[in-house]
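Here's a quick tour of one protein model, going from backbone details to the way its parts pack together. Have the structure open while you read.

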Amino acid sequence: MRIFSGIQPTGRKHLGNYLGAIRQYVEGQHRSAAVGDVAIYCIVDLHATTVAYEPEVLRERLYDTTAILLAAGLEPERCILFRQGDVQEHTELCWLLTSVTAHGELNRMTQFKEKSAQQRELVSAGLFLYPVLQAADVLAYRAHEVPVGDDQRQHIELMRDIAIRFNARFGETLVVPEHRIPDVGARIMDLQDPTKKMSTTGGTVEGTVYVLDEPGAIEKKFKRAVTDSGSEIVRSPDKPGVTNLLDVLAVARDITPAEAEASMAGARGYGDLKMAVAAAVEEMLAPVRERYAEIRPDEGALEDVLAAGAEKARAIAADTLRDVRRAMGVGPAR
Ligand code: TYM
């Protein structure tokens, strides 16, 4: 069981990233190791260059993200943690896979439509090819499982189609991966607008809880969370605000949403629910924030972790690339 996932170094990582993805990474590193395989996690700096960005800031964010992942529980001895730009096989495979990717498929990607609408100066060709690079990330490692949040569903569907088409055209070479989207927590909503997902770019600052937020800030954001009419604390489609808070409570406390609902049976109103969620989230994130403060200053040590990860990643990806080039008739026969 080989697990692969990628995470962007852009912006600050939020509760949606943490509950939808990062927690799964940590769980996956143990599950993979238990069956003698390895979980591979990549910080995707090349993807971050597809929208407007500042080079110095990108490097800072990359260290931030590396430190958050380590603080959340990734152990470099148990998994492979590396920076995408360090392993050139990703960009080469991206190009090779464009030959089995339909232009029309890329045009239909909702993230491309959303992100291209946000670009003021330039909609780059890189943004259009973003999902192909993402396919290359996973397919280069012949991964079976891709832990992601719900918003990546379409990108995983596309990489499956690309792998299937490649194998049909050039012979069985690539593994067709499956997504692993958690039942609860896969789509954490913005606290100020619970009809929109929590996000680094599209959401509101007050409605976005960051992994590194101080306890006071976390409490304030939950206290001000937009809830729904009525006073019943139940999950229901016409109560997106309350449903989101109950989902967060469930995942943060590691209980089911039904148990979260039941735990609020004696509550006096939405205020009690907000306080309970804030406390659970603070408790969950406090150790991450503390470890981050210890890890982040030593950029040399972070570089060492990334360099060692890249070396291991390269060895696996180079093997796949040799097979892909051979199957496609690119380069010499042997
Ligand atoms: P990124 O960095 O935007 O997001 C990282 C992970 O967080 C999940 N996520 C959420 N989960 C629940 N609720 C939310 N509100 C929420 N917002 C984000 C995302 O689904 C993701 O799993 N394209 C990817 C990066 C990538 C990748 C890959 C992922 C590049 N190559 C290969 C998997 C495999 C992205 O933008 O992640």
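## Two unusual backbone angles

D254 sits in the loop that runs between α10 and α11 (257–263). A word on status before going on: this is a predicted model. The phi of D254 is near 60°, a positive value in a residue other than glycine. That's worth a second look, because most residues other than glycine have a negative phi. As for its surroundings, D254 counts as exposed, with 64% relative accessibility.

R142 is another case: its phi is positive, about 50°, and it isn't a glycine either. You'll find R142 in the loop between α7 (125–139) and β4.

## How the domains meet

The domain assignment splits the protein into domain 1 (3–186 + 298–328) and domain 2 (215–293). Note that domain 1 is given as two segments, 3–186 and 298–328. Taken over C-alpha atoms, the centres of the two domains are 30 Å apart. Domain 1 puts eleven residues into the contact, and domain 2 puts in twelve.

## The largest nonpolar core

Which residues touch the most other members of the largest nonpolar core? They are L15, Y18, F222, L273 and V281, out of 56 residues in that core. Helix α12 (residues 270–295) supplies the largest share, eleven residues. Both domain 1 and domain 2 give residues to this core, so it lies between them. As a general point, nonpolar side chains in soluble globular proteins tend to be buried together.

Zoom in on V281 and you can see some of that packing. Leaving out residues up to four places away in sequence, V281 touches L15, V209, I218, F222, V248 and A252. There's also a second, separate core, with 45 residues, and L96, L133, L139 and L321 are among them.

## Helix α9 and its buried side

Helix α9 covers residues 215–223, and its buried residues are I218, K221 and F222. Why do they end up on the same side of α9? They cover an arc of only 95° around the axis, which puts them there.

What covers those buried residues includes α1 (15–34), α10 (240–253) and α12. Two of the α9 names should look familiar: I218 and F222 are both among the residues that V281 touches.

## Strands β2 and β3

Strand β3 (residues 79–83) is mostly covered, with five of its five residues buried. C79, L81 and R83 point one way from the strand, while I80 and F82 point the other way. Both sets are buried, the arginine included.

Strand β2 (residues 39–43) runs parallel to β3, and five bridges join them. If you want a spot to check the register, I40 stands opposite I80 in β3.

## Cysteines without a partner

How many disulfides does the model have? The count comes to zero. A disulfide needs two cysteine sulfur atoms within 2.5 Å. For C42, the closest cysteine sulfur is that of C79 at 12 Å, which is too far for a bond. Looking from the other end, C79 is in no disulfide, and its nearest cysteine sulfur is that of C42.

Is C42 buried or exposed? C42 is buried, at a relative accessible area of 1%. C79 counts as buried too, with 2% relative accessibility.

## Two more buried spots

V146 belongs to strand β4 (residues 145–147) and is buried, with a relative accessible area of 3%. Leaving out residues up to four places away in sequence, V146 touches F4, S5, V138, I156, P177, E178, H179 and R180. For a sense of the fold here, V146 and I181 are 35 residues apart in sequence and 8.3 Å apart in space, going C-alpha to C-alpha.

E105 is found in helix α5 (residues 103–107). Its relative accessible area is 10%. Anything under 20% is taken as buried, so E105 is buried. With residues up to four places away in sequence left out, E105 touches L158, D161 and R165.

Terms used:
Residues are numbered from 1 along each chain as its sequence is written. This is a predicted model: local features need pLDDT of at least 70, side-chain atom pairs count only at pLDDT 80 or more; totals for chains, interfaces and linings use all residues. Side-chain values use heavy atoms; hydrogens and water are left out. A nonpolar core is a set of buried Ala, Val, Leu, Ile, Met, Phe, Trp, Tyr and Cys residues joined through side-chain atoms within 4.5 Å. Buried means under 20% relative accessible area, exposed over 50%, partly exposed in between (1.4 Å probe, protein chains only). Helices (H or I, at least four residues) and strands (E, at least two) are DSSP runs, numbered from the N terminus. Domain bounds come from an automatic or database domain assignment. Contact means heavy atoms within 4.5 Å. The arc is that of the directions from the helix axis to the C-beta atoms. Two strands pair if DSSP finds at least two bridges between them.
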